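Colleague: Got a minute to go through this one with me? I have a handful of quick questions.

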Amino acid sequence: RSFHVTGVQTCALPISVRLAVRLYGGEDAYRRGSYDFYRVIAQTFVDGHGLCVGPGVQCGLRLPLYPLLLSPFVATGTLYPWLVVLHAVFGAAIVWCVWDAARRVFGAPAGAIAAVLAACSPYAAVHDTALQDTVVVNLAVAAAFALLVRASRDDARVTPWLWAGVALAAAVMTTARVSLFLPGALAWTLVRRRDRPGLALRQVLCVALPAAL
């Protein structure tokens, strides 16, 4: 129980660290370190011209999930600081996924250690709150991994496998490079229960269907 509490409480650490780093730098540093084309695409979308860099210009240049996430913040002029806060929460969610997966595979002490390491990662402390898609991709992949681990502990349930597929789909809809991860996830799902091919095939389909859609 003490390790369970530690794992949950550790989520407060990454939020504090990420907010402190980003808010200390101020809005000017936030703008300078951003992938501003995402803001431009979101602004074009808010203006009613689609997911384009400009009206009819370079439409579909980037996959849609992150510009769509930005659009309400762009529409309300609250990219800074409220998008920063949301990104910090996403960073904490990644830490929780790391903790949950590690404790299920290696035990509670390993989960607590993994959570602390993920919470204090210098790269994540800076990039999780930047105006870029990094934290969204990382959260989707971490959630997919944690859900696959959780699903593998309970073969009878379909829902975790489906949610793992949804998480993978969200990752792919944020950046195309994550599609390279899909075959590995499906192959692992298939071979882990090669003693029961019917069950393994059902689980693969549950993961693949949301991703394919």
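Colleague: Let's start with F45: is it buried, partly exposed or exposed?

Modeller: Keep in mind that this is a predicted model. F45 has a relative accessible area of 33%, so it counts as partly exposed.

Colleague: And which helix is F45 in?

Modeller: F45 sits in helix α3, which covers residues 36-46.

Colleague: Which residues make the nonpolar surface patch of about 210 Å²?

Modeller: That patch is made by F45, V46 and L68.

Colleague: Staying in α3, what about A42, buried or exposed?

Modeller: A42 also lies in helix α3. Its relative accessibility is 0%, so A42 is buried. The cut-off for buried is under 20%.

Colleague: How far apart are A42 and T189 in space?

Modeller: Going C-alpha to C-alpha, A42 and T189 are 36 Å apart, with their positions 147 residues apart in sequence.

Colleague: OK, switching to charges. How many salt bridges are there in the whole structure?

Modeller: A search of the whole structure turns up seven. As background, side chains of opposite charge can pair when their charged atoms come close.

Colleague: Which residue does E27 pair with?

Modeller: E27 makes a salt bridge with R31, at 3.4 Å from N to O. Both residues are in helix α2, four residues apart, or about one turn of the helix.

Colleague: Are those two side chains buried or exposed?

Modeller: In between. E27 is partly exposed at 36% relative accessibility, and R31 is partly exposed too, with a relative accessible area of 34%.

Colleague: Now D100. What does it form salt bridges with?

Modeller: One partner is R103, where the closest N and O atoms are 2.9 Å apart. D100 and R103 are both in helix α5, three residues apart, again about one turn of the helix. Another partner is R150, with the closest N and O atoms 3.2 Å apart. The D100 and R150 pair links distant parts of the chain: D100 is in helix α5 and R150 is in helix α8 (residues 134-152), 50 residues apart.

Colleague: Is D100 buried or exposed?

Modeller: D100 is buried, because its relative accessible area is 1%. Its partners come out as partly exposed: R103 has a relative accessible area of 28%, and R150 is at 30% relative accessibility.

Colleague: Which residues are linked in the network of salt bridges?

Modeller: D100, R103, R104 and R150 are linked in that network.

Colleague: Let's move on to helix packing. At what angle do α2 and α5 cross?

Modeller: Helix α2 (residues 12-32) and helix α5 (residues 79-106) cross at roughly 150°, and their axes come within 9 Å. That makes α2 roughly antiparallel to α5, since an angle over 145 degrees counts as roughly antiparallel.

Colleague: Is that crossing left-handed or right-handed?

Modeller: α2 passes α5 in a right-handed crossing.

Colleague: And how do α8 and α9 pack?

Modeller: Their axes are 8 Å apart, at an angle of about 165°, with helix α9 covering residues 159-172. So α8 and α9 are roughly antiparallel to each other.

Colleague: Which hand does that crossing have, left or right?

Modeller: α8 passes α9 in a left-handed crossing.

Colleague: Great, that covers my list. Thanks!

Notes:
Residues are numbered from 1 along each chain as its sequence is written. This is a predicted model: local features need pLDDT of at least 70, side-chain atom pairs count only at pLDDT 80 or more; totals for chains, interfaces and linings use all residues. Side-chain values use heavy atoms; hydrogens and water are left out. Patches are made of residues with over 30% relative accessible area and no salt bridge: like charges are joined within 9 Å, nonpolar side chains (Val, Leu, Ile, Met, Phe, Trp, Tyr) within 5 Å. Accessible areas come from the Shrake-Rupley method with a 1.4 Å probe; for residues, only the protein chains shown count as cover. A salt bridge is a side-chain nitrogen of Lys or Arg within 4 Å of a carboxyl oxygen of Asp or Glu. Helices (H or I, at least four residues) and strands (E, at least two) are DSSP runs, numbered from the N terminus. Buried means under 20% relative accessible area, exposed over 50%, partly exposed in between (1.4 Å probe, protein chains only). Axes are lines fitted to C-alpha atoms, for helices over the stretch in contact, and angles run from 0 to 180 degrees between N-to-C directions. Angles under 35 degrees count as roughly parallel, over 145 as roughly antiparallel, 65 to 115 as roughly perpendicular and the rest as oblique. A crossing is left-handed if the near helix is turned anticlockwise from the far one by less than a right angle, and right-handed if clockwise.
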